[in-house]
Amino acid sequence: MSLVNLQVQDDYPDTDSLTFSALADPVRRDIVARLAAEGPMTVGKLSEPFQISAPAISRHLSILERAGMIRRSVDRQWRVCMLVANGLEGPRDWLETVLSKAALQDEDA
């Protein structure tokens, strides 16, 4: 795993770039997918399927939080993560635009 992939920079010119960079890592994509499928969960439960250290999970969660895709809260002694759906709207809109233009080109070919 490359170091560049683990450390998302804070100085991206727009939030879409930050989001795409955060999603470049397969662990972070899996975290987002689990939260989408199963809803909010504790950090401990969220990290169960991953064979990486707790500090590594924490770094991944920080990157996703900085990108606006997840939110973390404290519920008594538990740290709970939840997906922020509108944190994915910009990239989704961009992908839909690109895919629709590509489909039009396919029709013209």
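**Salt bridges, sheet and surface patch in a predicted model**

The structure, a predicted model, holds five salt bridges.

Me: Which residue of helix 3 meets Arg 34 in a salt bridge?
Reply: Helix 3 spans residues 26-38. The partner lies in helix 3 together with Arg 34, four residues apart, about one turn of the helix. The side chains meet at 3.5 Å, N to O, and the partner of Arg 34 is Glu 38.

Me: Is Arg 34 buried or exposed?
Reply: A residue counts as buried when its relative accessible area is under 20%. For Arg 34 the value is 15%, so this residue is buried.

Me: How does Glu 38 count in terms of accessibility?
Reply: The class between buried and exposed runs from 20% to 50% relative accessible area. Glu 38 has 47% relative accessibility, and therefore counts as partly exposed.

Me: In what order do the three strands form the open sheet?
Reply: Strand 1 (41-42) and strand 2 (70-75) each have a single partner strand, so they stand at the edges. Two bridges join strand 1 to strand 3, and six bridges join strand 2 to strand 3. The pairing is antiparallel, and the order is 1-3-2.

Me: Which residue in strand 3 is the bridge partner of Asp 75?
Reply: Strand 2 and strand 3 form a hairpin with two residues between them. Strand 2 covers residues 70-75, and strand 3 covers residues 78-83. In strand 3, the bridge partner of Asp 75 is Trp 78.

Me: Which residue meets the side chain of Asp 75 in a salt bridge?
Reply: The partner lies in the turn of the hairpin and has a positive phi of about 55 degrees. At 63% relative accessibility the partner, Arg 76, counts as exposed, whereas Asp 75 is partly exposed at 36%. The two side chains meet at 3.9 Å, N to O, and the residue that pairs with Asp 75 is Arg 76.

Me: At about what angle does helix 3 run to strand 3?
Reply: Helix 3 lies across strand 1, strand 2 and strand 3. Helix 5 (residues 54-66) also packs on the sheet, and its direction makes about 120 degrees with that of strand 2. For helix 3 and strand 3, the angle is about 90 degrees.

Me: Which helix gives the most to the nonpolar patch?
Reply: The patch is formed by Phe 20, Trp 94, Leu 95, Val 98 and Leu 99, with about 470 Å² of accessible area together. Trp 94 is partly exposed at 46% relative accessibility. The main contributor, with four residues, is helix 6.

Technical notes:
Residues are numbered from 1 along each chain as its sequence is written. This is a predicted model: local features need pLDDT of at least 70, side-chain atom pairs count only at pLDDT 80 or more; totals for chains, interfaces and linings use all residues. Side-chain values use heavy atoms; hydrogens and water are left out. Two strands pair if DSSP finds at least two bridges between them. Contact means heavy atoms within 4.5 Å. Axes are lines fitted to C-alpha atoms, for helices over the stretch in contact, and angles run from 0 to 180 degrees between N-to-C directions. Patches are made of residues with over 30% relative accessible area and no salt bridge: like charges are joined within 9 Å, nonpolar side chains (Val, Leu, Ile, Met, Phe, Trp, Tyr) within 5 Å. Accessible areas come from the Shrake-Rupley method with a 1.4 Å probe; for residues, only the protein chains shown count as cover. A salt bridge is a side-chain nitrogen of Lys or Arg within 4 Å of a carboxyl oxygen of Asp or Glu. Buried means under 20% relative accessible area, exposed over 50%, partly exposed in between (1.4 Å probe, protein chains only).
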